[in-house]
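Q: Please take a close look at a single strand in this model and the strands it pairs with. A connected account is preferred to a list.

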Amino acid sequence: MVDLTKFAAGGELGSYLSTRRIERPWSRGGYSYATNGRILVRVDRRDDIAEEPLAPDCDALIDDADARGNYTWIKDIPDVEVKELACPGCRGTGEIRWRRSTPITCDECNGKKMVVSPQMVSFPMSVSLADVYVKLIKDELPGAEIGIVESKDRVPVKIRFNGGIGLLMPIRRG
Ligand SMILES: [Zn+2]
């Protein structure tokens with residue numbers, strides 16, 4: 001079963017929209033959802049996932065994506081190795097120390113000393129996706145395929161997998 005928490009704003013990849021409404025997966029109608037503002041997944045409703053009245057309506061985004069036309073589906077999602085580098089915020093020590101005060105945990109790396117160095121993965125039709133998301137899709141979504149459609153604008157790619165669908169915003173579009 002897909003671990004939806006990995007796609008939620010409270011998951012490892014965090015969120016660039018810092019909002020509590022999408023901190024955890026939620027259920028609504030016949031589905032359960034998770035998003036961090038950049039990636040969205042929707043599966044058949046799970047009884048163990050509670051409703052969240054303040055969560056956004058993501059079906060409109062999915063309907064918009066469906067309306068964009070015929071998608072080309074990529075079944076062979078490339079293996080990507082996510083690169084990490086020493087955290088620039090704490091110079092790889094995991095701590096910030098102000099003069100003689102007690103060191104505090106670095107909030108850029110959460111004390112992990114390393115941060116992800118984002119790389120782009122190129123797909124057809126000038127679509128570039130962030131490596132961390134390509135890896136997440138490949139590792140966590142069984143039978144995943146990525147769907148790309150011709151568009152002049154930066155529009156989400158579609159994701160389909162055994163048991164659900166999703167969307168991912170590209171980094172850029174030619
Ligand atoms: Zn750090």
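A: Tyr33 has Arg42 of strand E3 as its bridge partner. This comes from a predicted model. The pair belongs to an antiparallel arrangement of strand E2, residues 31–35, with E3, held over five bridges. E2 and E3 form a hairpin with three residues between the strands, and in this hairpin Gly37 adopts a positive phi near 100°.

E3 itself covers residues 39–44, and five of its six residues are buried, which leaves the strand mostly covered. E3 also pairs with strand E13, residues 164–168, again in the antiparallel sense and over five bridges. In that pairing, Ile39 is matched with Leu168 of E13 as its bridge partner.

On the wider layout, the protein is split into domain 1, made of 4–79 + 120–173, and domain 2, made of 83–118. The C-alpha centres of domain 1 and domain 2 are 30 Å apart.

Val82 gives a second point of reference. Val82 sits in the loop that runs between strand E4 (72–74) and strand E5 (83–86). Val82 counts as partly exposed because it has 14 C-beta neighbours inside 10 Å, whereas a buried residue needs 20 or more. Leaving aside residues up to four places away in sequence, Val82 touches Val116, Asp131, Val132 and Lys135. Between Val82 and Asn110, the separation is 28 residues in sequence and 18 Å in space, taken C-alpha to C-alpha.

Terms used
Residues numbered from 1 in each chain as written. Predicted model: local features only at pLDDT ≥ 70, side-chain atom pairs only at ≥ 80, totals over all residues. Domains from an automatic or database assignment. Helix = DSSP H or I, 4+ residues; strand = E, 2+ residues; numbered from the N terminus. Buried ≥ 20, exposed ≤ 12 C-beta atoms within 10 Å, placed from the backbone. Contact = placed C-beta atoms within 7 Å. Pairing = 2+ DSSP bridges.
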